[in-house]
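Open the model in your viewer and keep the selection panel at hand. The stops below go from a ligand site to single residues and then to whole chains.

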Amino acid sequence: MADTRIEPTAAGAGGVAPEDKERRFSWRITGRWVGITGLLAFLVAPIVPLFIWSISFRWFYPAILPTEYSARAWTEVITPHNDVLGVAWNTALIALVVTALSILLGVPAGRALGLYEFRGKRLVEWMILAPIIVPGLAVVLGIHVLFIRAGLSNSIPGVILVHLVPTLPYMTLVMSGVFANYDTDFELQARSLGASRWATQRLITLPAIFPGVVVGALFAFIISWSQYVLTLLIGGGQVQTLPLLLFGFVRSDPAIAGALSVVFILPAVIVLLLSSRYLSGDNAAVGGIGNI
Amino acid sequence: MTQVTLSGLTKIFDEKSPPAVDQLDLEIESGKLTALLGPSGCGKTTTMKMIAGLLRPTSGDISFDGDSILSIPPEDRGAVMVFQNYLLFPYMTIAENIGFGLKMRKVDRKEIRTRVTDMLDLVQLPGFEDRKPRQLSGGQQQRIALARALIVQPNVLLLDEPLSNLDAHLRDEMRELIRRIQTEMGITTVFVTHDQEEAVVLADRIALLFDGRLQQFDVPDAFFESPQSVEIAKFFGGTNFIPGHYEGGEITTSIGRFRAPRSAVDGGDAVLSIRPEAVTLGAAGGNSVMGRIRSHVYVGRYARFRVTLGDIEVEAVTDPGQVKMFNDGDEVPVTFDSNKIWVIGPAAAHE
Ligand SMILES: Nc1ncnc2c1ncn2[C@@H]1O[C@H](COP(=O)(O)OP(=O)(O)O)[C@@H](O)[C@H]1O
Ligand SMILES: [Mg+2]
């Protein structure tokens, strides 16, 4: 984070010459700007045509922009009988629970993989990677039978569980990278100075792994938020989420599909922008992924 | 003030390799400065972590003032360890780092602030409260780490290689600081080092460890005057060894027989050890043999000669003036001061 870097260094602590520091500082700012602008362009650009679709009434070749506009699609999206907001809320709720569970399970798993050597570690790593490599559909067809027997199909808990299949590996991978670069002696030092187990987790471990948790959580949220196949199969049409709703409209009504897409993409963009500082620069929270 | 007793302390990390710490028995005196000395990898850090409660021993016991503390968690032991690489918490200011232990003990904020200021004065870094660890040099970080441990007034202070990451002049400064604080506060202190000179200069007593096993636990000069094995003598360096047979206060070697009242063994195959300062050239007498000067260096405050005696070679450190008296190749009488000869058991007997 730039804030601590621009403070003057301690006298005699062997800091950089002033002019040198300034130059580096301005590079940092420039780099940040390029990063943020790039991110914005990359994320926001696709929304523009979608938005234009959503307000178009007539848009035929060779016109570059629609020849007639209409608010019909947005009225449809907002009217209660389509329950778009209800579905959006549902989608968010599922994604949040999935994210929370991914953190709860993925952080300890990533710690074990990143820090410790144990028998069968390679095997565990492969099992964690498998759901990412093997097509989700293949995994889910197997799981489906189990879920029906357990009474989990066609229910929100079932959908949440099946979303963990792709999110948990991501969370675990990100965290194992973070822990591979983490020195547990910091925790021992805190204990020795009088911190309880809990205080150590809160004051020492958490701040150190926080950027990684944010990045992993972001992955988890977005994977769940945009999940189509898994939700369709396990939810059996009973559990409605935005991607399902969206796909329904793609053929029947492009304008509404455009409006829904905007509703669908915006939260992801906002979340991403809010956490952009954890994705770039010195934090390099994901830098350790290569270790696994 | 606390006396620390280790009995049969053992740590095995891995069944396939030898124990990192093997049946260690040690009485660490209350209020004294004890050095844990040994080459890298001999189990010093492991021992410290076990005393601090950060690592569970495989077997054996640790007691403070006679009471076993194995079941007491690290935060309640009153033994604070300072790690070799400082480990200042990067997200906290210097003041927050130093005050950490007091905050954990629920001391109120105002008192923490005054005591942090006192500590910064003690380690001669006044006004550093609001800096971040990464703005400090290695030597400054080391002193902050020390202050962070001292502020909780531990019963036992465990310093893991406190000087090894510092360059020469900072090392002297830090050495004095540790000695001064330790004397003033009278804290039972154990410090780890792999440097024998550092241990000798700083410690009241030295525990020498090889491969997880205690070799000798003694006052510093004993390691020079009466090392218990050839390996120990070699670790402290600079000694001449001549193998022979010891019997009735005399040791018979390939170059002659020497009177040697001081010995670590009763008799049998043994090694005569003598420090270069106790070897004199020129004057014949008891305990003398003829030798030939092979080479010499003039160092200024003293001179160093290499002398061949039959099939062996010894080193003699003499008055610098002797450089003018002898030439390389001269035949000279070489005398071993019998009171400075120390007879040790043969190297092989000691595994
Ligand atoms: N956590 C650990 N797991 C396995 N082996 C270890 C661990 N910590 C130390 N060791 C081994 O124990 C021995 C002693 O290590 P250590 O106490 O760090 O030595 P020193 O501090 O004297 O250099 C070494 O051989 C080291 O490899
Ligand atoms: Mg060590």
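Start at ligand 1 and select Cys42(B): one of its backbone N or O atoms lies 3.2 Å from an oxygen atom of the ligand. This is a polar contact, meaning a pair of N or O atoms within 3.5 Å; within protein, one must be able to donate a hydrogen and the other to accept it, and residues adjacent in sequence count only if both atoms are side-chain atoms. Add Gly43(B), where a polar backbone atom is 3.1 Å from an oxygen atom of ligand 1. Then add Thr45(B), which brings a polar side-chain atom to 2.6 Å from an oxygen atom of ligand 1. On its own, ligand 1 has 560 Å² of accessible area, and the protein covers 53% of this. Accessible areas come from the Shrake-Rupley method with a 1.4 Å probe; for residues, only the protein chains shown count as cover.

Before moving on, note the conventions. The model is predicted: local features need pLDDT of at least 70 and side-chain atom pairs count only at pLDDT 80 or more, while totals for chains, interfaces and linings use all residues. Residues are numbered from 1 along each chain as its sequence is written, chains are lettered from A and ligands numbered from 1 in the order in which they are written, and side-chain values use heavy atoms, with hydrogens and water left out.

Now select the residues around ligand 1, those with a heavy atom within 4 Å of it. They are Phe13(B), Ala20(B), Ser40(B), Gly41(B), Cys42(B), Gly43(B), Lys44(B), Thr45(B) and Thr46(B).

Next, go to Thr10(B) in strand β1, residues 4–11 of chain B. Strands (E, at least two residues) and helices (H or I, at least four) are DSSP runs, numbered from the N terminus. Is Thr10(B) buried or exposed? Thr10(B) has a relative accessible area of 5%, so it counts as buried; buried means under 20%, exposed over 50% and partly exposed in between, with a 1.4 Å probe and protein chains only. A polar atom of its side chain lies 3.1 Å from the backbone oxygen of Gly8(B). Leaving out residues up to four places away in sequence, Thr10(B) touches residues including Pro19(B), Val21(B), Met50(B) and Pro57(B); contact means heavy atoms within 4.5 Å.

Move to Gln141(B) in helix α4, residues 138–150 of chain B. Gln141(B) is buried because its relative accessible area is 18%. Show Pro133(B) as well: its backbone oxygen lies 3.3 Å from a polar side-chain atom of Gln141(B). Beyond four places in sequence, Gln141(B) touches Tyr86(B), Leu88(B), Pro133(B) and Leu136(B).

For an exposed position, pick Gly286(B) in the loop between β15 (279–281) and β16 (288–298) of chain B. Its relative accessibility is 59%, so Gly286(B) counts as exposed. Draw a C-alpha to C-alpha distance from Gly286(B) to Glu96(B): they are 68 Å apart in space and 190 residues apart in sequence.

Zoom out to chain B, with nine helices and 20 strands. Its C-alpha trace spans about 75 × 45 × 35 Å along the principal axes, and 52% of its 351 residues count as buried. Chain B exposes about 15800 Å², with carbon and sulfur atoms supplying 48% of it.

Finish on chain A, which has 14 helices and two strands. Of its 292 residues, 39% are buried. Chain A exposes about 15900 Å², and carbon and sulfur atoms supply 69% of that area.
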